[in-house]
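Colleague: Could you take me carefully through one part of this model, namely the charged side chains and how they pair, and then set that part in its wider surroundings?

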Amino acid sequence: MASLKRVAKSGNDWTTEDLCAYNVIVEARDFGSFFGQPSPILQPFELLTNQRADEMTSAENHLVISFMDLAMNRIPNEESKVAQFTEKLLAALEYESLSRCVVLQQQMPLFICGESRDATADVCIMDMSEILMVVQEDKRHMDAGEPQPQLIAEAIAAFQFNNYKRTRILNEPALVSKVIAGITMLGTAPTFFKIPVTQDLVSAVELGRYPPTPTVVTMHVPDVPRPTYLVAEGMEPLDNREIIFACFEAFKQFV
């Protein structure tokens, strides 16, 4: 893999070949191994007990389900509503706070092979000093490439962005490593990622070199009752929704 060609390209152009070129491996984990805890028991609330938008009493929850319906019923050749749905879902699941916000279409510089390119997260969680989580929609239906390599490129760009802000603006030391939380969304079906970005990996990307130490990215696909139909059903059925929401709740520890 060290012989693979490494070229300067934007994060949205990354492919599986780029992961091989930078010695990045993606491995699946079950719930306990990935989250390091049992599945949390969620307190009932109307997003878990009411299926349709017109059953919601909260305007916020009504919007979540309305945008879920739009995300699941994409009009061909039109931009999907997956990012907007994800933004509203993360807010409803309390990923936002007084110090954190959900941001759409966050652009980040990506320094790669001695040149400056960019990476754009469809959704991200930010606080005042850093990007904490990146989300990439699976847009292969639009011939827009593979979501996993794009997500990992965005995590590397986020690490670069965070360290630039720490050293140039906040007058703090640069981090040598950070696990960046990531999610890919295929319709309303999420996959969760823990992306350990190190300065060694970042330096390899910046210089266009093969890092001898592999970077192992772990991922978790929610274990829904009908896994074959996860993409088709997404979060629409309440039994799927409860399992996926439990994943979102457990994932907060990494954000």
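Modeller: What follows goes from the charged pairs to a few single residues and then to the whole chain.

This is a predicted model, in which local features need pLDDT of at least 70 and side-chain atom pairs count only at pLDDT 80 or more, whereas totals for chains, interfaces and linings use all residues. Residues are numbered from 1 along each chain as its sequence is written, and side-chain values use heavy atoms, with hydrogens and water left out.

Side chains of opposite charge can pair when their charged atoms come close. The protein carries 21 positive and 34 negative side chains, where Lys and Arg count as positive and Asp and Glu as negative, while His and the chain ends are not counted. The centres of the two sets lie 6 Å apart, the place of a charge being taken as NZ of Lys, CZ of Arg, CG of Asp or CD of Glu.

Ten salt bridges are found in the structure, a salt bridge being a side-chain nitrogen of Lys or Arg within 4 Å of a carboxyl oxygen of Asp or Glu. One of them joins K9 to D18, with 3.1 Å from N to O, and both K9 and D18 are buried. Here buried means under 20% relative accessible area, exposed means over 50%, and partly exposed lies in between, with a 1.4 Å probe and protein chains only.

Another salt bridge links E27 and R29, whose closest N and O atoms are 2.9 Å apart. R29 counts as partly exposed because its relative accessibility is 30%, and E27 counts as partly exposed because its relative accessibility is 30%. A further salt bridge holds R52 and E55, with the closest N and O atoms 3.4 Å apart. Through salt bridges that share partners, R52, D54 and E55 are joined into one network. Within this network, E55 is partly exposed at 30% relative accessibility, and R52 is partly exposed at 48%.

Two residues deserve a look for their backbone. E94, which is not a glycine, has a positive phi near 65 degrees; E94 sits in the loop between α5 (82-92) and β2 (101-112), and E94 counts as exposed because its relative accessibility is 62%. Q105 likewise is not a glycine and has a positive phi of about 50 degrees, but the place of Q105 is in strand β2, and Q105 is partly exposed at 45% relative accessibility.

N240 belongs to helix α9 (residues 238-251) and is buried, with a relative accessible area of 0%. Leaving aside residues up to four places away in sequence, N240 touches V224, P225, R226, E233 and G234, contact meaning heavy atoms within 4.5 Å. P225 is 15 residues from N240 in sequence, and their C-alpha atoms are 7.0 Å apart.

As for the wider surroundings, the protein has nine helices and seven strands, which are DSSP runs numbered from the N terminus (helices H or I, at least four residues; strands E, at least two). The C-alpha trace spans about 55 × 40 × 35 Å along its principal axes. Of the 255 residues, 48% are buried, and among contacts between residues at least 6 apart in sequence, 63% join residues at least 24 apart.
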